[in-house]
Amino acid sequence: MLLGLSNSTKLAETLTKLNYPQALTATATTLVMLLIGSATIVLSQQSSSESQNSTDEVTPSGLEAPGVALDPAGQPIAFSHAHHAGQYQIECEFCHAYARRGPVAGIPSVERCVGCHQSILTDQPEIQKLLEYWENEEPIPWLKVHNLPDYVRFTHKAHVRAGIDCASCHGDVKSMEIAQQVESLSMGWCLDCHNEREAPRDCLVCHY
Ligand code: HEC
Ligand code: HEC
Ligand code: HEC
Ligand code: HEC
Ligand code: HEC
């Protein structure tokens, strides 16, 4: 209920800020009911079964990261995009292979890293950690950097296929030592571009 209340309050603020016409308020009220409904379902699912994961169907291996990176420097292995994607020019989609095909871009499996690191820098401590995950057949517990709320529907496929560059939403990852979120991922941010690009703006396009 607390969650529901704060959603409706915030919605009112959001709508005022965005200057929605009165007519939308009815849609909005319905949507808030839906949001409260799904939040309640999510909450009760979480309490009844801790390990339930609502995005199972398309979860590539390694995406089951247990936490969210508040401090991205706390990653289990010091992986550098600047070296791999910048200096060595490995394509984004070589590692994030689902971006064009599904909702999530995906985090590469240990196997993908070992493909190179079975022979590259094998005596380096960070690579030894990597090879240990491989030997123990454990996924690397990467912390998530981006994390939209569960009631938001986002899919990479539509955006990548519309020709939007990774950098439009993720910034210059090629120069990042540590992957960071550079955009707010707020509703206003999504809507600004949808407006500009004449993409759909119906509430239910982005909300369940
Ligand atoms: C060699 C493999 C590899 C390549 C190439 C690569 N990445 Fe990554 N990427 C990773 C790994 C591993 C992670 C998880 C660890 C981390 O966050 O740094 C990650 C994380 C990310 C994240 C943060 C994900 C989250 O948790 O929210 C973004 C965004 C990202 N990559 C974008 C890109 C882009 C854009 C490119 C191309 C310019 C790229 N990556 C190239 C392996 C790669
Ligand atoms: C296509 C080959 C390739 C893949 C795939 C690859 N790496 Fe690398 N990696 C390299 C090369 C090349 C270097 C630099 C070697 C050197 O400096 O001599 C490197 C260096 C590193 C280093 C040392 C620090 C640095 O950045 O120079 C770490 C740690 C590392 N990689 C982790 C990973 C992880 C984790 C993955 C999987 C997400 C991965 N690598 C996938 C080629 C690869
Ligand atoms: C229109 C904006 C947009 C574009 C374009 C985009 N992303 Fe994302 N990306 C996002 C958002 C938003 C999230 C957070 C999704 C979530 O938390 O559910 C995300 C999450 C990710 C993640 C974390 C894991 C996942 O899949 O959720 C990776 C990795 C990633 N993006 C890589 C890429 C790569 C590589 C490209 C280019 C091929 C790309 N993205 C293009 C907006 C974008
Ligand atoms: C840089 C521009 C840009 C940003 C930022 C952006 N979008 Fe989009 N989005 C588009 C475009 C363009 C399309 C239409 C693609 C097409 O024509 O199929 C689209 C389509 C979509 C679709 C419809 C997919 C389908 O089924 O057809 C969803 C859902 C969506 N965006 C959600 C979001 C969300 C949620 C955010 C913010 C987290 C966001 N978008 C941010 C440009 C953007
Ligand atoms: C293009 C995608 C998109 C569309 C269209 C969209 N939203 Fe959102 N909405 C989002 C995102 C992303 C968030 C999460 C923002 C955040 O976490 O800061 C959000 C958050 C919300 C919230 C939670 C408010 C908060 O601040 O916590 C409500 C309520 C909401 N949206 C209602 C609506 C209504 C009503 C409509 C139709 C008038 C709508 N949304 C259309 C993307 C969208």
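Two residues count as in contact here when their C-beta atoms, placed from the backbone, lie within 7 Å. Keep that in mind as you open this predicted model and select residues 36–66. pLDDT stays under 50 throughout that stretch, and the model gives it 36 contacts beyond four places in sequence.

Now select residues 1–30. The mean pLDDT of the protein chain is 77, with 65% of its residues at 70 or more, but over residues 1–30 the value is below 50, and this stretch has 14 contacts beyond near neighbours in sequence. Where pLDDT is low, don't read the predicted coordinates in detail.

**The whole chain**

Switch to a cartoon of the protein chain. What do you count in helices and strands? There are 10 helices and zero strands. From the N terminus on, the run reads α-α-α-α-α-α-α-α-α-α. Colour by burial next: of the 208 residues, 6% count as buried. Among contacts between residues at least 6 apart in sequence, 73% join residues at least 24 apart.

**Ligand 2**

Centre on ligand 2 and show what surrounds it. The shell holds 20 residues, and those that come nearest are Ser80, His83, Cys113, Cys116 and Glu126. Then colour by helix: H3 (81–87), H5 (110–117) and H6 (125–135) each supply at least two shell residues. Which of the helices gives the largest share? That is H5, with five residues. Recolour by class and the shell around ligand 2 splits into 12 nonpolar, six polar and two charged residues.

**Ligand 3**

Move over to ligand 3, which 21 residues surround, the closest being Val104, Ala105, His146, Cys166 and Cys169. Helices H4 (92–95), H7 (156–161) and H8 (166–170) are the elements that give two or more residues to this shell. H8 has the largest share, with four. By class, the shell around ligand 3 has 12 nonpolar, eight polar and one charged residues.

**From H8 to H9**

Follow the chain out of H8 and pick alanine 179, in the loop between H8 and H9. Is alanine 179 buried or exposed? Alanine 179 has 20 other C-beta atoms within 10 Å, and since 20 or more is the cut-off, it counts as buried. Draw a distance from there to histidine 81: the two C-alpha atoms are separated by 7.0 Å, although the residues are 98 apart along the chain.

Keep going to helix H9, residues 187–196. Just one of its 10 residues is buried, so the helix lies largely in the open. Just after H9, click glutamate 198, which takes a positive phi of about 55°.

**Two more positive phi values**

Most residues other than glycine have a negative phi, which makes the next two stops worth a click.

- Select glutamine 89, in the loop between H3 and H4. Its phi is positive, about 55°, although glutamine 89 is not a glycine. With 8 other C-beta atoms within 10 Å, glutamine 89 is exposed.
- Then select glutamate 137, in the loop between H6 and H7. Here phi is near 55°, again a positive value in a residue other than glycine. Glutamate 137 is exposed too, with 7 other C-beta atoms within 10 Å.

Conventions. Residues numbered from 1 in each chain as written. Chains lettered and ligands numbered in written order. Predicted model: local features only at pLDDT ≥ 70, side-chain atom pairs only at ≥ 80, totals over all residues. pLDDT = per-residue confidence, 0-100. Near = placed C-beta within 6 Å. Nonpolar A, V, L, I, M, F, W, Y, C, P; charged D, E, K, R; others polar. Buried ≥ 20, exposed ≤ 12 C-beta atoms within 10 Å, placed from the backbone.
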